[in-house]
Amino acid sequence: MNISTLFDIKKVVFSLEVFPPKKETSINVIYNTLLKLRGIPCDFISVTYGAGGSETQREKTCEIASLIRTNYHIEPVSHLTCVNSDKGEIRETLAKLKENKIQNILALRGDISPSVLPKKDFLHASDLARFIKEYDSSFNVLGACYPEGHCECSSIEEDIEHLKIKIDSGVTHLITQLFFDNAHFYTYMDKIRKAGINVPIHAGIMPIVNSNQIERMVTMCGASIPNKFSTVLNRYAHKPEALKDAGIFYATEQMMDLLENDVEGIHLYTMNNVEVATRISESIQNIILAKNSMEN
Ligand code: FAD
């Protein structure tokens, strides 16, 4: 199923994101996680792709996406990065995805690692999006976008100009980088709509539930933390259970506000944490159901 059609029939699309287990961890771990996540009603599940991972590590994305489709009958989205791949390698991956009947791909450039020289076939995610559509136009291609701007870009306006190229290359739907202040998302939405980008935007929300996550998220993703949230995080920094509750509460409140402001989609970065994903989803599920059952 081409998931871009979901936006024609639903007011709010809800999705989850999982990642393949690390190299040293058994693949069975993710099978157990998925088994438990199956209880959460969602429209699709996306599976991340390790840009710098080994060949077998990267194959896990396709394997897990395929399992989500065949065993759980949920539509999967396979992430795919291009920074460390040449055209031949991407062709092989696309053939595997097609063989496994995976129709939706989140086309990404991937982060440039200081220790791995990028390959030259694909400079930007838009190059990958175009290549996928030329390879087989029946693939549905999604892309990433950044409410606070991508860290390599000098301004949000310039980043949005680049985003237009991504859309012109065949991307039908965008998922945002995580953010903790909805004001950034609303300002960004105004700017991209004014720039003529009209595809559905899925707001990416990540609950912060332990102190290790905080610094990593801010340095890796460039997401700013509003004062009211950093005060809470500092207060409970040494009380893990309280910090978890506070993080779940904050993410739920963010989602409630987005729903009240007619967001088109919410993408929950689960971090493979079933308990957290379940608690958050339970709090908003009835609201999503109610919105989807309302007349226009
Ligand atoms: P691009 O769209 O190529 O943008 C990268 C930079 O290049 C930006 O600054 C942009 O403004 C600029 N740019 C784009 N096009 C042009 C152009 N034509 N000319 C000049 N400049 C241009 N990483 C992983 O490794 N695996 C994952 O599974 C993964 N999943 C992700 C999911 C989501 C929803 C998001 C938001 C990010 C994800 N990432 C993942 C991280 C992502 O790979 C990085 O953020 C990466 O740095 C940029 O990827 P991109 O696809 O946005 O790149």
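**Helices, strands and the model**

Helices (DSSP runs of H or I with at least four residues) and strands (DSSP runs of E with at least two) are numbered from the N terminus. The model described here is predicted, and for that reason local features need a pLDDT of at least 70 and side-chain atom pairs count only at pLDDT 80 or more, while totals for chains, interfaces and linings use all residues. Residues are numbered from 1 along each chain as its sequence is written, and side-chain values use heavy atoms, with hydrogens and water left out.

**The surroundings of the ligand**

The ligand is surrounded by 24 residues, where a residue counts as near if one of its heavy atoms lies within 4 Å of the ligand. The closest of these residues are Y49, D111, Y146, D159 and H162. Sorted by class, the shell consists of 11 nonpolar, 8 polar and 5 charged residues. In this sorting, Ala, Val, Leu, Ile, Met, Phe, Trp, Tyr, Cys and Pro are nonpolar, Asp, Glu, Lys and Arg are charged, and the others, Gly among them, are polar.

Strand β3 (75-81), strand β4 (104-108) and helix α6 (156-168) each contribute at least two residues to the shell, and the largest share, 4 residues, belongs to α6.

Oxygen atoms of the ligand also lie at short distances from polar atoms of the protein. One such oxygen is 2.6 Å from a polar side-chain atom of D111, and an oxygen of the ligand is 2.8 Å from a polar side-chain atom of H150. At A125 the partner is a polar backbone atom, which lies 2.8 Å from a ligand oxygen. On its own the ligand has 970 Å² of accessible area, and the protein covers 86% of that area; accessible areas come from the Shrake-Rupley method with a 1.4 Å probe, and for residues only the protein chains shown count as cover.

**Helix α8 and its two sides**

Helix α8 spans residues 211-221, and its buried residues are Q213, I214, M217 and C221. Here buried means under 20% relative accessible area, exposed means over 50%, and partly exposed lies in between, with a 1.4 Å probe and protein chains only. The four buried residues are on the same side of α8 because they cover an arc of only 110 degrees around the axis, the arc being that of the directions from the helix axis to the C-beta atoms. An α-helix has 3.6 residues a turn, so residues three or four places apart point the same way. On the other side of α8, the residues N212, E215 and T219 are exposed.

The buried residues of α8 pack against α9 (227-235). At the N-terminal end of α8, N210 acts as a cap, with a side-chain oxygen 3.2 Å from the backbone nitrogen of N212. After α8 comes G222, which has a positive phi, near 70 degrees.

**Single residues, buried and exposed**

The table lists five residues with their relative accessible areas.

| Residue | Relative accessible area | Class |
|---|---|---|
| S78 | 2% | buried |
| R109 | 14% | buried |
| N2 | 24% | partly exposed |
| D262 | 56% | exposed |
| H73 | 67% | exposed |

S78 is part of strand β3. When neighbours within four places in sequence are set aside, S78 is in contact (heavy atoms within 4.5 Å) with V47, T61, L97, I102, N104, I105 and L106.

R109 belongs to the loop between β4 and α5 (125-135). Beyond its neighbours within four places in sequence, R109 is in contact with T81, C82, V83, L123, H124, A125, H150 and E152. The side chains of R109 and E152 are joined by a polar contact of 2.6 Å; a polar contact is a pair of N or O atoms within 3.5 Å, and within protein one must be able to donate a hydrogen and the other to accept it, while residues adjacent in sequence count only if both atoms are side-chain atoms.

N2 is found in the segment before α1 (6-9). Although N2 and I102 are 100 residues apart along the chain, their C-alpha atoms are separated by 9.6 Å. Not counting residues up to four places away in sequence, N2 touches Q103, N104 and N140, and its side chain makes a polar contact of 3.2 Å with the side chain of N140.

H73 lies in the loop between α3 (55-72) and β3, and its phi, near 55 degrees, is a positive value in a residue other than glycine. D262 is placed in the loop between α10 (240-260) and β8 (265-269), and D262 likewise has a positive phi, near 60 degrees, without being a glycine.
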